[in-house]
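Dear colleague,

I am passing on a structure that I would like you to look over when you have a moment. My notes on it follow below.

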Amino acid sequence: MSQSEWADKDYYGDLGVSSDASKAEIRRAYRKIARENHPDTNPDDEQKLAKFKAAASAYDVLGDEKKRKEYDEFKAMLRAGGGRFGGAGFPGGFRRSSQSQDSFFSQGGPAGAGGFGGAFEDGGLGDIFGGLFNRGGAGGHQARPTRGADVETSITLDFREAAKGTTIPLELRGNAPCTTCHGSGSKSGKQATCGQCNGTGYTSENRGAFGFSQPCSNCDGTGSKITDPCETCSGSGTVNRTRSITVRIPAGVVDGQKVRLAGQGEAGPQGKPSGDLFVSVKVRDDEVFSRDGDDLVLTVPVSFAELALGDTITVPTLDAPVRVKIPAGTADGRTLRVRGRGIKKSSGKHGDLHVKVQVTVPTSLDDAAKSSLRTYAQAEKDSGFDARAGWAGNPHK
């Protein structure tokens, strides 16, 4: 986020604090929002992801005293100028008075000149504008990246691997730390202060009434310079190669979910932090199980006798099989619940196992079985049982 985009932002509003909030209040507000909206715990919630990013951007500015001071001054300048840049190059039509420019900019200008008065006594408009636009004027030199690039890859897991969690090896090709200089880019592992910007990372220039700053072209905005570049990586600190990593996939991932592994992306230049790795997960269907959130669901075939008389059957789980009691008179299609035999939750607890019983009708019977079944059928009628009693389509109703 460049400071030139601050005009559209309400960082205090993004954190839900007042403009006079203390540093501790700002920190507490940011931590609360980050904890409630973190993408690791809300991977598929775009609204919470946007709120998390907005809070992070706000804290990046308001959590830094220097940036916060510049932000407050900039917003005050916009309010005084009607919230826009206009007129003769100044907010709200601010014009140069007969007073000398040098005196005007260094002293903050007279109170009647555009209505700013002494709002910029700490360095003048030239310094404010140089800071506001992220130390980069039109056509300015881009600073070197402060971290490595993010990497995205995809994997396919069996249902049970996704449900229980697994560890898989991955091969990735991209920028990795140079093994010769250990990622520093320097033979000696040391960097010297840049002589052109004196370690500030930016240089300034005057353009008429304004002073603009931009990243130093000699050190790419880092403030330091390698004087003995590594021959293997030519001073970049990274080389393009294939690397092998082991990725831990947590229990309970669902099809389409992305798992973020911080710091496992491409290496940053000259020892800068690595980017992140995002692993997109595809889950194969299982022949036995399906899932409903953290609960496992399965359908088990049973006989009519097991439902009518009751029985105890053995069913599979993600671990060892368990025995499930079927009460006498259980209806076909009823679901029985086994607590704690589902998928492990992030809290450490488990979901439940839902067992649906489904009658399987024999396609062939021997004479003895047929005779016994006919005897039962007659006894069933004699007892007054009617399978279609109460059914809306019963013609004898």
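To begin with a local detail of the backbone, Gly 384 follows helix H9 and has a positive phi, near 90°. Please bear in mind throughout that this is a predicted model. Helix H9 itself, which covers residues 367-382, has a length that agrees with expectation, because its 16 residues, at 1.5 Å a residue, should span 22 Å, and its end C-alpha atoms are 23 Å apart.

The second point concerns a helix pair, namely H2 (residues 23-37) and H3 (residues 46-62), whose axes come within 9 Å and cross at roughly 160°. The two helices are therefore roughly antiparallel, angles over 145 degrees being counted as such, and the crossing in which H2 passes H3 is left-handed. On the H2 side the contact is made by Ile 26, Arg 27, Tyr 30, Ile 33, Ala 34, Glu 36 and Asn 37, which meet Lys 48, Lys 51, Phe 52, Ala 55, Ala 56, Tyr 59 and Leu 62 of H3. Sorted by character, the residues of this contact comprise nine nonpolar, one polar and four charged.

Lastly, there is an annotation to consider: an unreviewed UniProt entry places the feature "binding site" at Cys 194, Cys 197, Cys 216 and Cys 219. These positions are spread over 26 residues of sequence, and yet they cluster in space, with a largest C-alpha distance of 9.0 Å. As for where one of them sits, Cys 194 lies in the loop between strand E5 (192-193) and strand E6 (202-207).

With best regards

How values were computed. Residues numbered from 1 in each chain as written. Predicted model: local features only at pLDDT ≥ 70, side-chain atom pairs only at ≥ 80, totals over all residues. Heavy atoms only, no water. Axes fitted to C-alpha atoms, helices over the stretch in contact; angles between N-to-C directions. Helix = DSSP H or I, 4+ residues; strand = E, 2+ residues; numbered from the N terminus. Parallel < 35°, antiparallel > 145°, perpendicular 65-115°, else oblique. Left-handed = near helix turned anticlockwise from the far one by under 90°. Contact = heavy atoms within 4.5 Å. Nonpolar A, V, L, I, M, F, W, Y, C, P; charged D, E, K, R; others polar. Expected span 1.5 Å × (residues − 1). UniProt positions renumbered as here; feature names shortened; annotations may be inferred.
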